[in-house]
Amino acid sequence: MEETVNVPAPRTPLNLEVSFKRNYAREETKGTLKNISITGAFLEFMGGEVRANEKLHLVFVVAGRERKVAAHVIWTNSAGCGVKFMPVNNRDVQIVDDLIYFVENSREDRRSVMDSIFKKVG
């Protein structure tokens, strides 16, 4: 029998403010996505507690557009929790993919601006 190894998806660091609601809650909690992959993210937040397997509804704004993604908690620690995205359809997967693309391109744009500044100085 072949042994399978779960290799985590590549993570993209970011610092994106989000709000989220537990599946049963009425009030929103504020947090920050600190890294993201196509399969999940690390959600940092203060106040309140979440449990493993709890369902969350994340809301964030990218390029002026509000996005909503369902997720469930995989693990927790004192800083926040690891969540796995629960895409319902291809649109949900595309939202996460677009966010990663947006973050990586923003970083590339800043890098090229900095490179051009330093090349002019040298």
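Q: How many residues does the largest nonpolar core have?
A: In this predicted model, the residues with the most contacts inside the largest nonpolar core are Leu33, Ile36, Leu43, Phe60, Val83, Phe85 and Leu99. Two or more residues come from each of the strands S1 (12–22), S2 (29–36), S3 (40–44), S4, S5 (65–76) and S6 (80–85), and from helix H1 (90–121). The size of this core is 25 residues.

Q: Which element gives the most to this core?
A: The chain has 1 helix and 6 strands, and its elements run β-β-β-β-β-β-α from the N terminus on. The greatest contribution to the core is 5 residues, and the element that gives them is H1.

Q: Is Leu58 buried or exposed?
A: Leu58 belongs to strand S4 (residues 55–62). Leaving out residues up to four places away in sequence, Leu58 touches Ser19, Phe20, Leu43, Arg67, Lys68, Val69, Ala71, Val83 and Phe85. Its relative accessibility is 1%, and the cut-off for burial is under 20%, so Leu58 counts as buried.

Q: How far apart in space are Leu58 and Ala71, C-alpha to C-alpha?
A: Ala71 is among the residues that Leu58 touches. The two are 13 residues apart in sequence, and their C-alpha to C-alpha distance is 7.3 Å.

Q: Which aromatic pair is edge-to-face?
A: The whole structure holds 2 aromatic pairs. In one of them the ring centres are 5.2 Å apart and the planes stand at 65°, and an angle over 60 degrees counts as edge-to-face, so this description fits Phe20 and Phe45. Phe20 lies in strand S1 and Phe45 in the loop between S3 and S4, 25 residues apart. Both partners are buried, Phe20 with a relative accessible area of 0% and Phe45 with 8%; the edge-to-face pair is Phe20 and Phe45.

Q: Why is the pair of Phe42 and Trp75 classed as it is?
A: The ring centres of Phe42 and Trp75 are 5.7 Å apart and their planes are at 15°; planes under 30 degrees apart count as stacked. Because Phe42 is in strand S3 and Trp75 in strand S5, the pair ties together parts 33 residues apart in sequence. The angle of 15° therefore makes the pair stacked.

Q: Which relative accessibility does Trp75 have, and how does it count?
A: Its partner Phe42 has a relative accessible area of 15% and is buried. For Trp75 the value lies between the cut-offs of 20% and 50%. At 39%, Trp75 counts as partly exposed.

Methods. Residues numbered from 1 in each chain as written. Predicted model: local features only at pLDDT ≥ 70, side-chain atom pairs only at ≥ 80, totals over all residues. Heavy atoms only, no water. Helix = DSSP H or I, 4+ residues; strand = E, 2+ residues; numbered from the N terminus. Buried < 20%, exposed > 50% of the residue type's maximum accessible area, 1.4 Å probe, protein only. Contact = heavy atoms within 4.5 Å. Core = buried A, V, L, I, M, F, W, Y, C linked by side-chain atoms within 4.5 Å. Phe/Tyr/Trp six-rings, centres within 6.5 Å; stacked < 30°, edge-to-face > 60°.
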